[in-house]
Amino acid sequence: MAEIIEFTGTVLTGPGSEQRGLWSVDGRLTFRRPATAPDRSLAGWVLPGFVDAHCHIGLGVGGAVDAPTAEEQARTDLDAGTTLVRDAGSPADTRWLQDRRDVPVLIRAGRHVARTRRYLRGFAEEVEPEGLVEAVRKQAREGDGWVKLVGDWIDRDAGDLAPSFPAAVVRDAVQAAHDEGARVTAHCFAEETLDDVLDAGIDCVEHATGLLPRHLPRFVEQKVPIVPTLINIATFPDIAAQAAPKFPRYAAHMRSLWGRREERVLEAFEAGVRIYAGTDAGSVIRHGRIADEILALHAAGLPMASALDAACWSAREWLGADGLEEGARADVVVCREDPRKVPEAVHGLAHVVLGGRVIR
């Protein structure tokens with residue numbers, strides 16, 4: 001017999017829309033009352049399960065982690081309300097997690113693709129410019145429709161951030177991924193890198209700390225979203241302090257990027273750039289912090305409904321996942337209070353439901 005869950009509270013079907021009367025029947029949502037009484041009832045404000053749009057399951061500070069650790073990372077994210085993860089690069093093959101019913105839905109990007117000796121050791125497939133196109137083509141085939149390119153990193157000879165690859169090669173690599181049916185996202189800290197990846201036809205930008213007013217019309221026109229990862233950008237002062245003795249120019253640049261992080265996110269949002277929530281968990285950021293990222297977006301100036309949208313309705317639509325709609329998979333979080341009015345309600349969720357199964 002199908003298990004039936006009744007959600008007795010207000011159902012937020014969008015940032016500004018709500019209704020009452022929602023059930024999960026055998027793992028699928030319906031707004032039509034079942035003929036059979038529910039097996040259990042869950043009270044509270046109902047939202048789609050959170051999306052972490054920049055997360056690294058299978059990655060630790062030294063590179064790939066073992067299977068039990070990867071599973072623990074995924075379960076930690078789920079317990080915090082993340083039911084859908086867009087992986088943003090992992091050296092571990094985590095495809096086995098996609099067969100599990102007790103961890104978030106996982107959309108993988110394969111390994112990061114970075115310049116040789118210009119990224120964190122053990123994280124990426126590292127190549128020189130002449131090998132970039134084929135490396136991207138390979139990762140496009142390995143992932144689930146996404147490729148993660150490391151657009152910039154510190155150039156120790158220059159003593160500052162610099163693009164990882166020549167602009168013309170980035171254009172060819174993005175086109176190669178598109179030919180394979182994959183989208184490309186790029187790690188971008190610096191200002192100059194944003195020009196290069198926009199010229200290349202990039203599909204998404206991670207961090208975007210170097211965002212300038214001149215970039216905004218292009219992001220809007222090209223419909224390129226940003227995943228700011230604000231709780232990760234909060235680590236920039238520590239990075240700068242460690243780097244300052246050897247690379248003072250780089251340290252000053254990182255402090256400057258950190259100083260305008262919230263202003264830039266708000267400018268992008270007000271210009272009409274789509275913003276999505278991502279934690280960058282998996283190396284220095286611990287898993288299970290999606291609520292912190294939602295609140296960080298709100299602290300940057302986004303209305304709470306929009307900060308929630310960055311991790312809920314729009315984020316799921318962007319990734320091709322169901323929201324709260326008839327027949328959708330029952331991936332749901334339940335808050336004790338209306339999170340649009342009480343932002344802290346995204347912490348300490350009353351319930352998390354994954355595929356119609358109550359996780360907490």
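Two strands count as paired here if DSSP finds at least two bridges between them. Strand β6 and strand β9 (residues 82–87) clear that bar, pairing in the parallel sense over four bridges. Keep in mind as you look around that this is a predicted model.

## The three-stranded sheet

Let's stay with β6 and β9 for a moment. At one spot along the pair, cysteine 55 stands opposite aspartate 87 in β9. Both strands belong to an open sheet of three strands, ordered β6-β9-β10, and the pairing in it is parallel. The edges are taken by β6 (50–55) and β10 (105–107), each with a single partner strand, so one side of each has no neighbour in the sheet. On average, neighbouring strands of this sheet are turned by 20° against each other, if you ignore direction.

## The hairpins at the start

Now go back to the beginning of the numbering. Strand β1 (residues 4–14) pairs with strand β2 (residues 17–25) in the antiparallel sense, over eight bridges. Together, β1 and β2 form a hairpin with two residues between them. Glycine 14 is the residue that stands opposite serine 17 in β2.

β2 has another partner to look at: strand β3 (residues 28–30), again antiparallel, over three bridges. Here valine 25 has arginine 28 in β3 as its bridge partner. This hairpin of β2 and β3 also has two residues between the strands, and aspartate 26 takes a positive phi near 55° in it.

## The six-stranded sheet

Further along comes an open sheet of six strands. Its order is β12-β11-β13-β16-β17-β18, with parallel pairing. The edge strands are β12 (124–127) and β18 (226–227), and each of them pairs on one side only. If you zoom in on the β18 end, you'll find two bridges joining it to strand β17 (residues 204–207), with the two strands running parallel. One link to look for is glutamate 206, whose bridge partner in β18 is valine 227.

## Helices around it

Helix α4 (residues 191–200) lies across β16 (183–188) and β17, and runs at about 170° to β16. How much of α4 is covered? Most of it: eight of its ten residues are buried. Those buried residues are Glu191, Thr193, Leu194, Asp195, Asp196, Val197, Leu198 and Ala200. Just after α4 comes glycine 201, which takes a positive phi of about 85°.

Then there is a pair of helices. Helix α2 (residues 132–142) packs against helix α3 (residues 167–179) at an angle of about 25°, and their axes are 8 Å apart. Angles under 35 degrees count as roughly parallel, and α2 and α3 are therefore roughly parallel to each other. Their crossing is right-handed. On the α2 side, the contact is made by Leu132, Val133, Val136, Arg137 and Ala140. From α3 come Val169, Val170, Asp172, Ala173, Ala176, Ala177 and Asp179. Sorted by class, the contact of α2 with α3 has nine nonpolar, no polar and three charged residues.

Which residues of α2 are buried? They are Leu132, Ala135, Val136, Arg137, Gln139 and Ala140. What covers them includes β11, β12, β13 (146–150) and α3. As general background, an α-helix has 3.6 residues a turn, so residues three or four places apart point the same way.

## A few positive phi angles

Most residues other than glycine have a negative phi. Here are the residues with positive phi mentioned in this report:

| Residue | Phi | Where |
|---|---|---|
| Aspartate 26 | near 55° | hairpin of β2 and β3 |
| Arginine 117 | about 55° | loop between β11 (112–115) and β12 |
| Glycine 201 | about 85° | just after α4 |
| Threonine 229 | near 50° | loop between β18 and α6 (230–233) |

Are arginine 117 and threonine 229 buried or exposed? Arginine 117 is exposed, with a relative accessible area of 69%. Threonine 229 counts as buried, at 0% relative accessibility, because the cut-off for buried is under 20%.

Terms used. Residues are numbered from 1 along each chain as its sequence is written. This is a predicted model: local features need pLDDT of at least 70, side-chain atom pairs count only at pLDDT 80 or more; totals for chains, interfaces and linings use all residues. Side-chain values use heavy atoms; hydrogens and water are left out. Contact means heavy atoms within 4.5 Å. Axes are lines fitted to C-alpha atoms, for helices over the stretch in contact, and angles run from 0 to 180 degrees between N-to-C directions. Angles under 35 degrees count as roughly parallel, over 145 as roughly antiparallel, 65 to 115 as roughly perpendicular and the rest as oblique. A crossing is left-handed if the near helix is turned anticlockwise from the far one by less than a right angle, and right-handed if clockwise. Ala, Val, Leu, Ile, Met, Phe, Trp, Tyr, Cys and Pro count as nonpolar, Asp, Glu, Lys and Arg as charged, and the others, Gly among them, as polar. Buried means under 20% relative accessible area, exposed over 50%, partly exposed in between (1.4 Å probe, protein chains only).
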